[in-house]
Amino acid sequence: MKILTKAILSIGMAATVGAAAAQNYAWPEQYEGVMLQGFYWDSYTDTKWANLEAQADELSQFFKLIWIPNSAKSTGGMGYLPVYWFTNHNSAFGSESALLSMIETYKAKGTGIIADVVVNHRVGSSNWYNFPTETWDGKSWSIGLDGICSTDEMAKASGQPKPTGAKDTGDDFDGGRDLDHTNANVQENIKNYCRCLLEKYGYAGFRYDMVKGYSGEYTKIYNEYAKPTFSVGEYWDNNYSNVVKWIDATGKQSAAFDFPLQNSIKTAFKNNSMTSLSTSVSGVYQPAGLLRGDYRRYAVTFVDNHDTYRDGNRFMGNVPAANAFILCSPGTPCVFLPHWKEYKAEIKRLINTRNTVGVNNMSEVKVLKREKTCYMAEVTGTKGVLVVRIGMSDATPEGYTDADIVAQGDMYAVWTKVKVDHSGIEAENPAPKIPSKLYIIGNLSSGSWATAKSEEMTREGNVFIARNVTLSSAKSYFSFVTARGSDWDAVNKHDRYGAMYNNTPVTFGEAHPMTRTPGDAFAWVYEAGTYDVIADFDHMTMTVTTASSGIDDVTVDDNADAVYYNLQGVRIDDPTPGVYIVVRGDKATKEIIR
């Protein structure tokens, strides 16, 4: 099936940017769309082409781009060891006909599909280097030994012929043959492969895999020839300057995934300090990563992706709040499929708010607050202004009231004067998963990490409390399990709850984010002593407080109203949500105020 390039170029673009797109193949100016990464590692069922196509009515309402795995036949199930380019797109996710049907269905609904373009390396059909000869557009396409870098590991492998290409212009990749991008034939193959993805298969643009593997100037060559509407490179580097240098090397003919920002988001939530979400530029605070200055147009922002999610680097902070940050900021947000599935209602409201206000990849941002507990910024869209707050703070922006809140959840809120219609979106998120039982386990006096002796916690509504539990080591590590067992294999069959990041230090009396993990869980660490430990499932937090046995009876007038004290014994006349000692008559109890 042949699909005209002109039609593909129109997907998701406003008429006002059509002329600019003809000159630039990176990312349209003032682009308002949001992208979905429609897969994760081994997502063979969720990402099956037929399954994605069946969700087109829903997904196309919120996403103008969907990035899918490399669709060409590959020796690796996920597609990152491609054998074919031009002809065989039967993959682990479905047949070529199913792929074409899915792309056409989304195109008709105004959503473009982004191809995962793997051209740093390639593998042979039956050995290391026999790349198949393919015919497309009336020509035969092939690459021989002269198209493989002379520095590829094949050069030193026993029994393999020597590749005769030039030295690699980037990082080596041992999983396949590193292609010589200086070679004119290799360039012609890649340029026309990219054109084939647009014209034959109907893709709207490209996500270039592992662009550290070859110089950025070649991405410029490929894009100027194929003319995609969208191009983003995976330059996996947390250093802002390095990513900017790559964008510049492409002649600004490609955007880049904002790894510097993703690292800042992880740092902010790991350290419970929202100051990492912004940075000073000439004395003025702006959002972190590529979102500062002119490069925000070229920033594709994200919280997690298929690689970070699987290799121990997954984001373990407050997922809805982190997505609220990218969805209420410039750049083009890319929502990760597992996040969408678990927090769909919240993400829908955030995208709907972004679209209603007209926030785009070049929107101006004014940082209003930069504090440990609060990142607050005003973002100007084409149809209005929104203010987003990230963090534990309950601050309200000047000129706004609770009536102006259009999206909110734990650790985030969004205000705007623009009328946002959330009808048709679920009114509430699914109730948090509450275990029937919860146990504290760790360096306890009852047994150090003893799976059969973990201490059962008392349930009070959606809160579990371990009363008078003794942490026995100078540095005591602990987390929660939902079942006892004779060994860890038995325990890890059930959910566990722990810190967002491993060995998170505890601040006495402070609520720390808590997360659920099947199997293993990260631990908190605190000093030896006897305490109450509270797991609050309404807010998904853990707090270490004064032991119940340490609360003395207090005598007051029997008719007096409740009197609140914080955990340090200071009276609080107007308590905000938190943990307090509450005195009523002659009784003192510890309570969670919501």
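In the predicted model, 8 strands form a closed barrel in the order β1-β2-β3-β8-β9-β10-β13-β14, and the pairing is parallel. From one strand to the next, the twist averages 25°.

Part of this barrel can be followed from strand β8 (residues 205-208) to strand β13 (residues 299-302). β8 and β9 run parallel and are joined by 4 bridges. Within this pair, Arg-207 has Val-232 of β9 as its bridge partner. Between the two strands the chain passes through helix α7 (residues 216-226), and the resulting β-α-β crossover is right-handed. The next pair, β9 and strand β10 (residues 255-257), is also parallel and is held over 2 bridges. Here Gly-233 is partnered by Ala-256 in β10. The chain reaches β10 from β9 by way of helix α8 (residues 240-249), in a β-α-β crossover that is right-handed. β10 in turn pairs with β13 in the parallel sense, over 2 bridges, and Phe-257 lies opposite Val-300 of β13. On the sheet, α7 packs against β8 and β9, touching both, and its direction makes about 165° with that of β8.

The side chains of a regular strand alternate between the two faces of the sheet. In strand β9 (residues 230-233), Phe-230 and Val-232 point one way, while Ser-231 and Gly-233 point the other way. All four of these residues are buried. Two of them also appear in the pairing described above: Val-232 is the partner of Arg-207, and Gly-233 that of Ala-256.

Helix α7 also packs against helix α6 (residues 184-199), at an angle of about 45° and with the axes 9 Å apart. The two helices are therefore oblique to each other, and α6 passes α7 in a right-handed crossing. The α6 side of the contact consists of Gln-187, Ile-190, Lys-191, Asn-192, Cys-194, Arg-195 and Leu-198, which meet Tyr-218, Ile-221, Tyr-222, Tyr-225 and Ala-226 of α7.

Tyr-193 is also located in α6. Its relative accessible area is 1%, below the 20% limit, so Tyr-193 is classed as buried. Leaving aside residues up to four places away in sequence, Tyr-193 touches Asn-70, Trp-85, Phe-86, Val-117 and Val-119. The C-alpha atoms of Tyr-193 and Tyr-222 are 9.3 Å apart, with the two positions 29 residues apart in sequence numbering.

A second helix pair is formed by α9 (residues 259-270) and α10 (residues 319-327), whose axes come within 11 Å and cross at roughly 140°. Angles over 145 degrees would count as roughly antiparallel; α9 and α10 are therefore oblique to each other. Their crossing is right-handed. In this contact, Leu-261, Ile-265 and Phe-269 of α9 meet Ala-321, Ala-322, Phe-325 and Ile-326 of α10.

A further position considered is Asp-573, in the loop between β33 (571-572) and β34 (578-584). With a relative accessibility of 67%, above the 50% limit, Asp-573 counts as exposed. Asp-573 and Val-335 are 238 residues apart along the chain, and 42 Å separates their C-alpha atoms.

Technical notes. Residues numbered from 1 in each chain as written. Predicted model: local features only at pLDDT ≥ 70, side-chain atom pairs only at ≥ 80, totals over all residues. Heavy atoms only, no water. Buried < 20%, exposed > 50% of the residue type's maximum accessible area, 1.4 Å probe, protein only. Pairing = 2+ DSSP bridges. Right-handed = clockwise from strand over helix to strand, strands pointing away. Axes fitted to C-alpha atoms, helices over the stretch in contact; angles between N-to-C directions. Parallel < 35°, antiparallel > 145°, perpendicular 65-115°, else oblique. Left-handed = near helix turned anticlockwise from the far one by under 90°. Contact = heavy atoms within 4.5 Å.
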